[in-house]
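Here is a colleague's note, written for someone meeting this structure for the first time. Please keep the model open while reading, and look up each residue as it comes up.

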Amino acid sequence: METDVVAAERALHAIKEAVELLRFSPFSCRKAVADRPFLRELIIPFGSEGYVALFEIEQSSTVTILALRHQREEDYR
């Protein structure tokens, strides 16, 4: 059985890899709300579940990650 530390390290690795997408293609992620086109969500697969990163595109070269939650958390927004 996998330890909590090993699982956390694997999750961190998956998150870091996924966030790299934001360097070159932040607009490929889904809109978080319809009327705010610069507020987006990045889906991060991890096993049978995953994480969601809420981020805002500030400028052409700046993206700010506002929140990172497990997909099953109820209070994501």
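The points below go from the whole chain to single residues.

1. Before anything else, please keep in mind that this is a predicted model, and that the values quoted in this note are computed ones. The protein has 2 helices and 4 strands, and when these elements are read along the sequence they follow the pattern α-α-β-β-β-β.

2. For the overall dimensions, the C-alpha atoms fill a box of roughly 45 × 25 × 15 Å, taken along the principal axes. The accessible surface comes to about 5600 Å², and 53% of that surface belongs to carbon and sulfur atoms. Of the 77 residues in the protein, 30% are buried.

3. Two further values describe the chain as a whole. If one takes the contacts between residues at least 6 apart in sequence, 26% of them join residues at least 24 apart. As for charge, there are 10 positive and 13 negative charges, and the mean positions of these two groups are 6 Å apart.

4. Which residues have the most contacts inside the largest nonpolar core? This core has 13 residues, and those with the most contacts inside it are L22, C29, L42, I44, F46, Y51 and F55. At least two residues of the core are supplied by each of α1 (4–19), β2 (39–46) and β3 (49–59).

5. One of these core residues, C29, deserves a second look in the viewer. When its neighbours within four places in sequence are left aside, C29 is in contact with L21, L22, R40, E41, L42 and F55, and among these partners L22, L42 and F55 are also listed with the most contacts inside the core.

6. Is E41, one of the partners of C29, buried or exposed? E41 is found in strand β2, and it counts as buried because its relative accessibility is 3%, where the cut-off for buried is under 20%. The side chain of E41 is joined to that of R30 by a polar contact of 2.6 Å, so a student following the chain may find it useful to display both side chains together.

7. L39 is also placed in strand β2, and at 10% relative accessibility it counts as buried. Not counting residues up to four places away in sequence, L39 touches K31, A32, V33, L54, F55, E56 and L66. By contrast, E9 is not in that list of partners; L39 and E9 are 30 residues apart in sequence and 28 Å apart in space, C-alpha to C-alpha.

8. In strand β3 we find A53, which counts as buried because its relative accessibility is 1%. A53 and H70 are 17 residues apart in sequence, and their C-alpha atoms are 8.9 Å apart in space.

9. Finally, S25 is found in the loop between α2 (21–24) and β1 (30–31). With a relative accessibility of 22%, S25 counts as partly exposed, since the class of buried residues is kept for values under 20%. From S25 to E56 there are 31 residues in sequence, and the distance between them in space is 13 Å, C-alpha to C-alpha.

How values were computed. Residues numbered from 1 in each chain as written. Predicted model: local features only at pLDDT ≥ 70, side-chain atom pairs only at ≥ 80, totals over all residues. Heavy atoms only, no water. Buried < 20%, exposed > 50% of the residue type's maximum accessible area, 1.4 Å probe, protein only. Contact = heavy atoms within 4.5 Å. Areas by Shrake-Rupley, 256 points an atom, 1.4 Å probe, with all protein chains shown as cover. Lys, Arg positive; Asp, Glu negative; His and termini not counted. Charge placed at Lys NZ, Arg CZ, Asp CG, Glu CD. Core = buried A, V, L, I, M, F, W, Y, C linked by side-chain atoms within 4.5 Å. Polar contact = N/O pair within 3.5 Å; in protein donor to acceptor, adjacent residues only side chain to side chain.
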